[in-house]
Amino acid sequence: MTLETLSTNRSHGGTQGVYRHASDTTGTDMTFALFVPDHAPGAKLPVLWYLSGLTCTHANVMEKGEYRAACAQHDIIFIAPDTSPRGEGVPDDPEGAWDFGLGAGFYVDATEAPWAKNYRMRSYIEDELPSVVLRNFPMADMTRQGISGHSMGGHGALTVALRTPDRFRSVSAFSPIVAPLQCPWGEKALSNYLGADREPWSHYDACALIEGGARVADLLVDQGEADSFLEDQLKTHLLVEACEKAGQKAEIRMQPGYDHSYYFISTFMAEHIGWHAERSKV
């Protein structure tokens, strides 16, 4: 497996890189961003994964997330994958909708045609990309990982962590889709990717996973009260209720005046990185 370096830039006492590799999981080339703070030779640094939302690529958080100064301060590697497979022959929503298909992989392993061939983002995030990082970035300490994400990526971060709790020391999210089984975005994506049987959907629903007994060590969520998607799509109150009922440790904060944008995310990004950094020391 050859890793192609697309760009590197000096920033905040570290290196921001963008890389591409041929993915056996998705059957396409996949691109990801990775920031490495300066460090002593042989040093091992904790890793924070960031999963992006609908319509996004690795570039959105890289250009607007304002994470590098905090990562350099706390000596954390920051990794931002793409949100779906891309390339010639990869199927897209036939009606050109923005909330399904390219840029909207929902971090699932699709089982329905024509999506199943390429849309395997669960396996890519959980298995293949960590192996790529381990082979190519020896400073990455894979025993100290955290995960975060925004919107659809918040859904991804929560569900990946709940399914693989021994892998992550911490999980956080900005404006996550917490109950895809109970919102239009989730019902559209899961029915198309996974089929009409709703039982397999529960593996991709944070509230359902918690209700089924899944737990994580610690959870931080920030949600803007002025988010136009809050009532119909995000439904943060369902996560509050699920955590309280299950005894899942969680800090879920409603932030007055903030919307769904990167103006919101960048405001609280450094705080999230510091929160993950504390838990990476345990």
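This section describes the sheet, the salt bridges, the cavities and the largest pocket of a predicted model.

The strands considered here form an open sheet of nine strands with mixed pairing. Read across the sheet, the order is β1-β2-β3-β5-β4-β6-β7-β8-β9. Strands β1 and β9 (251-255) are the edge strands, each pairing on one side only. On average, neighbouring strands of this sheet are turned by 20° against each other, with direction ignored. Within the sheet, β4 and β6 pair in the parallel sense, and six bridges connect them. One residue pair can be named for this contact: Y50 has S148 in β6 as its bridge partner.

The model contains 14 salt bridges. One of them is formed by R20 and E4, whose closest N and O atoms are 3.0 Å apart. R20 belongs to strand β2 (residues 14-22) and E4 to strand β1 (residues 4-11), so this salt bridge ties together parts that are 16 residues apart in sequence. R20 has a relative accessibility of 28% and therefore counts as partly exposed. E4 is also placed in the partly exposed class, because its relative accessible area is 38%, and the limits of that class are 20% and 50%.

A salt bridge also joins the side chains of K188 and D99, with an N to O distance of 2.8 Å. This pair links distant parts of the chain, 89 residues apart. K188 is in helix α5 (residues 184-194), whereas D99 is in the loop between β5 (77-81) and α3 (121-136). The two partners fall into separate accessibility classes: K188, with a relative accessible area of 26%, is partly exposed, while D99, at 13%, is buried. The assignment of D99 follows because buried means under 20% relative accessible area.

In the salt bridge between R163 and E126, the closest N and O atoms are 2.7 Å apart. R163 lies in helix α4 (residues 152-163) and E126 in helix α3, so the contact ties together parts that are 37 residues apart in sequence. R163 counts as buried at 18% relative accessibility, and E126 counts as buried at 13%. Elsewhere, D222, E251, R253 and E271 are joined into one network by salt bridges that share partners.

Internal space was examined next. Rolling a probe the size of a water molecule over the atoms shows where empty space is left. Two cavities of 30 Å³ or more are counted. The largest cavity has a volume of about 50 Å³. Its lining consists of 13 residues, and those closest to its centre are V47, Q145, G146, H276 and S280. The elements β4 (45-51), β6 (140-149), β7 (168-174) and α9 (262-280) each supply at least two residues of this lining. Helix α9 gives the largest share, four residues. Five residues of the lining of the largest cavity are nonpolar, five are polar and three are charged. The strands β4 and β6, which both contribute to this lining, are also the pair joined in the parallel sense over six bridges.

The second largest cavity holds about 40 Å³ of space. It is lined by A161, P165, F168, R169, S170, V171, V216, A217 and D218. Strand β7 provides the largest share of this lining, four residues. By class, the lining of the second largest cavity comprises six nonpolar residues, one polar residue and two charged residues. Strand β7 also supplies at least two residues of the lining of the largest cavity.

The largest pocket contains about 190 Å³ of space. Of the 14 residues that line this pocket, K64, H150, H260, S261 and Y262 lie nearest its centre. Two or more residues of the lining are given by α1 (58-64) and by α9. The largest share, three residues, comes from α9. The lining of the largest pocket divides into four nonpolar, eight polar and two charged residues. Helix α9 thus gives the largest share of the lining in the largest cavity and in the largest pocket.

Terms used:
Residues numbered from 1 in each chain as written. Predicted model: local features only at pLDDT ≥ 70, side-chain atom pairs only at ≥ 80, totals over all residues. Heavy atoms only, no water. 1 Å grid on protein atoms, 1.4 Å probe; cavity = no way out; pocket = protein on both sides within 12 Å on 5 of 7 lines; lining within 4 Å. Points joined across faces, edges and corners; volume = space filled by probe spheres on them. Nonpolar A, V, L, I, M, F, W, Y, C, P; charged D, E, K, R; others polar. Salt bridge = Lys/Arg side-chain N within 4 Å of Asp/Glu carboxyl O. Buried < 20%, exposed > 50% of the residue type's maximum accessible area, 1.4 Å probe, protein only. Pairing = 2+ DSSP bridges. Axes fitted to C-alpha atoms, helices over the stretch in contact; angles between N-to-C directions.
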